[in-house]
Each structure stands twice: as C-alpha cells, then as structure tokens.
Amino acid sequence: MATSPAAVPDLIPPQLRARLKGIQISARQAAGPQGFGLHQSQNRGAGLEFSQYRAYEPGDELRQVDWKLYARSDRFFVRESERDSPLDLWILIDTSASMAQEDRARPGWSRLDAARTLAACLIEVALRQGDRFGLAMIGGEGLRVSGLGAGARHRDRCVLELRRLAAAGAWPDEARLRPLWEHVAARSLVVFLGDTFDEEVVRLAERLAAARREILNAQILTTEERDFPFLGGHRFRDPETGEELIADGAAARDGFIARFAAARATLAKRLAAGGIRHVEYVLDEPLDLPLRRLFNAGRVA
C-alpha cells in the first residue's frame, strides 16, 4: 500500500524548510545514471563536450583511457567529458547510544533528533534537485539500509525510517558493516551524521573516501561539550562503555575544554588529509547551518 504524503509526519519545521531553498547539494565529482539533474559529472560518451584529461586511477573503466595519448606519452590518461547527471546521495546516521545525549538546556532534544532532522533536510533538497537518495543507519542493532531511490514516495518511506530511529548500543564491528559496500557505489556522495567519537566511524569514513566515495562529515556536539558549564561534584558516564568519572566540574572545566578542542582539531586535520569535508554542529545552532557550511550556501558563520 502506497504511503500518502499527508500520512507522513513532517520532520522539518516550516521556518527551517523555508531556509532550505538557498541550499544546493553538490559534489566535486558527481556521477550516476544518465538523466536530468543539477550536477555535472565527468563521463565519456558520444556527443559530449570534452572537458579535461586526468591521470588514470584504479577503478576507471579502460574505455575511458585515451590510448592515442598513451602511445605518445607512455602514461595512462582518462579523457573526461561533461554531461548533466543526477547525484547518488547516501546519508549515514550513527544510532549508537551516545547519540541519545541531550542538553540540559533543551530536554527532549538529542543528537539523534538533530541527525534525524538534518537527514530529512538533505532528502528534501535531493528530492528538489532530482537526485537519488538512500539511508544507512548504524548502531547497536547493526546496519539497516533504506536503498537508493527518488521521488516523493521514496522520500516518505525514508522519513518513516527516520521516525523509527532509536539510539542504543555501540558501533558494530567491521564484519557487520560489509553489506554497506554493496549499496554505496563508487563516486557516491556520502554524508555522515553523528558525534564522530568512535575510531571505527573515522576509519569507515577514510576507507570509503579511499575507495572513491566522496565523504562529508557533520559532527554533532552538545552545548555542554562546548561550554562545560558544570559546577560542583559530578559523575560523568560513557553511555556506550558504562565507564564513569567523578570530578569537580569547575576544577575540570579548563582542562576538558583544552583537551576537547585539541581532539577536535586533530580529527579535523585527519579527515582533511583523507579528502573528507568536515564541519561541526552544536545543538543550539540553526539546523541549516551545517548544511550551509558543507555546501557553501551563502554566507555562514
């Protein structure tokens, strides 16, 4: 039975939806089935306008190699041409236990709530652009995938999946994530939404980037992580490992903020070295801000 749009609860507040009009999802190198989209991809074909040569990379099709240029230079080059094609957008959401964290200043609103709404925004923009989109949700239950599709019905199916999300457990081991490689094809655009605290998350992003997927990462942080406003004695507990630390908030504040800033800077450098676009988003900021930062839509703070 088909789902009617009216039956699907909207995850995007009206004011936020209005601000999405200035955002366009783009990739450095978009590729997908030939069709009508807003992106330029580089693919060789009859009747296409020549764009440029580039060095051959593992994974390129042999028919793209310019053999005449190889005969002259003894080096492999790929001849690229331009055509419009839709983008294949994958949204990977961390649903491990740490994503349930809320700010005391805004009870009932968690990292996962922010990730859910950001994913809905990305889907809405992709729908407007004529792109294909899919979801991969990764957490204590392992990997759950809502495959690539397009159009309003697929949007509604994805929104219902987002509504069902719950944060629990730890990031699964690599073996349970192997089916992801069957879904996320080379040259796909992949947006990670999560706190990016797990080493396994970073390694997965790096592996996907090395395998010719274009990776973007939005790290979702709480205001308490940014400001550390705690006073007096506090018990701090890791929601995934159960480890606890008892400390005086005021005494620990300066050291925490310095170490946390250093860890974030190290992460940003590591992701940049892997060719991964990375932005931070704090829960008290406007929800369109990380999308504007990722896609350079207008002026951003």
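Helices, such as the one named α3 below, are DSSP runs of type H or I with at least four residues, and they are numbered from the N terminus. In the predicted model examined here, Gly130 lies just after α3 and takes a positive phi of about 80°.

The helix that precedes this glycine, α3, covers residues 111–129 and therefore counts 19 residues as a run of helical type. From its first C-alpha to its last, α3 reaches 27 Å, which is close to the 27 Å expected at 1.5 Å a residue. At its N-terminal end, α3 is capped by Ser110, a side-chain oxygen of which lies 3.3 Å from the backbone nitrogen of Leu112. Because 17 of the 19 residues of α3 are buried, the helix is largely enclosed by the rest of the structure.

A nonpolar patch is found on the surface, where Tyr56, Leu62, Trp67 and Phe76 together make an area of about 410 Å². Among these residues, Phe76 is located in the loop between α2 (67–73) and β3 (77–85). The relative accessibility of Phe76 is 38%, and since partly exposed residues are those between the limits of 20% and 50%, Phe76 is placed in that class.

Considered as a whole, the chain has nine helices and 13 strands, and 46% of its 301 residues count as buried. Its accessible surface comes to about 15,200 Å², of which 52% belongs to carbon and sulfur atoms. Of the contacts in the chain between residues at least 6 apart in sequence, 73% join residues that are at least 24 apart.

Conventions. Residues numbered from 1 in each chain as written. Predicted model: local features only at pLDDT ≥ 70, side-chain atom pairs only at ≥ 80, totals over all residues. Heavy atoms only, no water. Helix = DSSP H or I, 4+ residues; strand = E, 2+ residues; numbered from the N terminus. Expected span 1.5 Å × (residues − 1). Buried < 20%, exposed > 50% of the residue type's maximum accessible area, 1.4 Å probe, protein only. Polar contact = N/O pair within 3.5 Å; in protein donor to acceptor, adjacent residues only side chain to side chain. Patch = residues over 30% accessible without salt bridge, like charges linked within 9 Å, V, L, I, M, F, W, Y side chains within 5 Å. Areas by Shrake-Rupley, 256 points an atom, 1.4 Å probe, with all protein chains shown as cover. Salt bridge = Lys/Arg side-chain N within 4 Å of Asp/Glu carboxyl O. Contact = heavy atoms within 4.5 Å.
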